[in-house]
Amino acid sequence: MRYFGSKVSTIETLCDLVSQRVSSGSFCDPFGGIGSVGSYFKSKGYSVWSGDILNFAHFFQIARLKFSRPLSFRRVIDKLGLESRNDLIDLLNAITPKKGWFLKEYSDKRSFFTGRNARKIQACRRKIITWGQEGWLNHDEHAVLLASLINSMDKVANTAGTYYAFLKKWHRKALNDFRFELILPVSSKSKGYCFHEPANTLVKRQHFDILYLDPPYNQRSYAHYYHLPETIALEKTPKVHGMSGIPRDISGESRFNRPREAKHALVDLLNSASFNFVVFHYADNGIITPREVRDILSSYGEIEDFLVDSKGYTTTEKPRKVKHHLYLVQNA
Ligand SMILES: C[S@@+](CC[C@H](N)C(=O)[O-])C[C@H]1O[C@@H](n2cnc3c(N)ncnc32)[C@H](O)[C@@H]1O
C-alpha cells in the first residue's frame, strides 16, 4: 500500500547505517506505520517492537512482522468446509458483489472506486465482519484479513496516494478489477511484537538497543488522510461528510502534527525511553527545525547526520523530492 512518509525508498541506506553501528539486538519502531521498516529490520535479524496509533496500521504490522509463517485460518476454513488458505482467498475473490454503505459513500457519491470494485470490496468486508462475529477468526487472523482487504483495495483506489481526495479522472489502476490478496509475513527467525498504542507508551515497555523514530513531520494528520482504511479496520459505517467522505467523529490526532507541541512531544518521548542508540528520521522542512532537532539530540551524545532523499507524496500525481535527515546518536 502507498503510505505517506513511507521510508521504503531509503530503507537500505537506513539499514546499512544502523547495522554498521549496532549489528543485532532489539529495534523499536514506535511510529511504525504499515510496518515497512520494522519488517525489513526483522528480515535482517533484529527483534522488532513496532507500534502506531492507527488501528489499520497496527493490523498491517501484525500481518507483516508479528509472525514468521502465514497464519492457519483453521477454524474459518473448517467451518466453511474448505481445505486450505488458498480456498479461502478464492472464496473471497469469487464472492457475489453487494450493495451497501461502502458503495453509496465511496463510489456513487464520491469516485474513489468504480461501482464494480466497490460492490466486491463491500461484499468482502461483509464476509470478514460476519466471520469475526461468528467467532471463526482469532484476533490476529482478523487483523491480517482486514489489512489484506485494505491493501488490495488500495491497489484499485482512484487516489493519488491518500484518501483525502479522489481523482477527477479515473486513474488507470482504478479501472483494474479488485482482487483480494493475502499479505504474507516476512520470513525471519527473529521475533516481532506489535502494539496499538502511542509511541511514548511503547518506548517505556523495556530497554531497546535501537530506537528508530519516524514521526509525522507536518500538520497533515494520518487519521484524516487514511480515514477510509481506518474505518474499514474499525468495521464501522459512520456518517461521513465532504468531498473526502471523512467520518464526522475522527480520532487519532497526534502531538507530532501540532506546531506548538511537536518539539515537546519529542523531548518527552526521549526522556521516557531507555535505549543505546537512537535514529531520528525527519524532514528538513518539518515542524521541528533541524537546529531544534540537533539541540534536543545533542544531550544524548555526539550526532552523526546524513542527508537522504525521500520520495514524498503530494496530493497531485507527481512524486516530489523531500530532503530528509537521518540523525544517529549513540547514547553516552
Ligand atoms: C512518517 S509515518 C511512518 C512511516 C513508516 N516509517 C514507513 O516507512 O512506512 C508516521 C506514523 O506515525 C504514526 N503516529 C503519529 N503520531 C503517533 C504517536 N503519537 N504514536 C504512535 N504513532 C504515531 C502515524 O499514524 C504514522 O503511521
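A residue is called buried here when its relative accessible area is under 20%, exposed when over 50%, and partly exposed in between. The model is predicted, and the burial classes below apply to that model.

Asp154 has a relative accessibility of 3%, so Asp154 counts as buried. This residue forms a salt bridge with Arg2, in which the closest N and O atoms are 3.7 Å apart. The pair links distant parts of the chain: Asp154 belongs to helix H8 (residues 139–154), while Arg2 lies in the segment before helix H1 (11–21), and the two are 152 residues apart. In total the structure holds 16 salt bridges. Side chains of opposite charge can pair when their charged atoms come close.

A second salt bridge to look at joins Arg110 and Glu105, with 2.8 Å between the closest N and O atoms. Both partners fall below the cut-off for burial: Arg110 is buried because its relative accessible area is 8%, and Glu105 counts as buried because its relative accessibility is 6%. A salt bridge between Arg255 and Glu261, at 3.3 Å from N to O, can be set beside this pair. Here Arg255 has a relative accessible area of 31% and is therefore partly exposed, and Glu261, with 28%, is partly exposed as well. Glu105 and Arg110 also belong to a network, in which salt bridges that share partners join them with Lys104 and Lys109.

The strands come next. Strand E4 (207–213) and strand E7 (274–283) run parallel and are joined by six bridges. Two positions fix the register: His207 has Ser274 in E7 as its bridge partner, and Tyr212 stands opposite Val279 in E7. E4 also pairs with strand E1 (residues 26–29), again in the parallel sense, over two bridges. In that pairing, Cys28 has Leu211 of E4 as its bridge partner. E4 thus has pairing partners in both E1 and E7.

How many residues of E7 are buried? The count is eight of 10, so E7 is largely enclosed by the rest of the structure. For E4 the count is five of the seven residues, so this strand too is largely enclosed by the rest of the structure. In a regular strand the side chains alternate between the two faces of the sheet.

Helix H12 (residues 262–272) is one of the elements that pack in this region, and its buried residues are Ala262, Ala265, Leu266, Leu269 and Leu270. Viewed down the axis of H12, these buried residues fall within an arc of 125 degrees, so they line one face of the helix. What do the buried residues of H12 pack against? Their neighbours are helix H9 (199–202), the strands E4 and E7, and helix H13 (290–297).

A further packing arrangement involves helix H3 (residues 55–66) and helix H11 (residues 227–234), whose axes are 7 Å apart and meet at an angle of about 70 degrees. Angles of 65 to 115 degrees count as roughly perpendicular, so H3 is roughly perpendicular to H11. On the H3 side the contact is made by Asn55, Phe56 and Phe59, and on the H11 side by Pro229, Glu230, Ala233 and Leu234.

Methods: Residues are numbered from 1 along each chain as its sequence is written. This is a predicted model: local features need pLDDT of at least 70, side-chain atom pairs count only at pLDDT 80 or more; totals for chains, interfaces and linings use all residues. Side-chain values use heavy atoms; hydrogens and water are left out. Buried means under 20% relative accessible area, exposed over 50%, partly exposed in between (1.4 Å probe, protein chains only). Helices (H or I, at least four residues) and strands (E, at least two) are DSSP runs, numbered from the N terminus. The arc is that of the directions from the helix axis to the C-beta atoms. Contact means heavy atoms within 4.5 Å. A salt bridge is a side-chain nitrogen of Lys or Arg within 4 Å of a carboxyl oxygen of Asp or Glu. Two strands pair if DSSP finds at least two bridges between them. Axes are lines fitted to C-alpha atoms, for helices over the stretch in contact, and angles run from 0 to 180 degrees between N-to-C directions. Angles under 35 degrees count as roughly parallel, over 145 as roughly antiparallel, 65 to 115 as roughly perpendicular and the rest as oblique.
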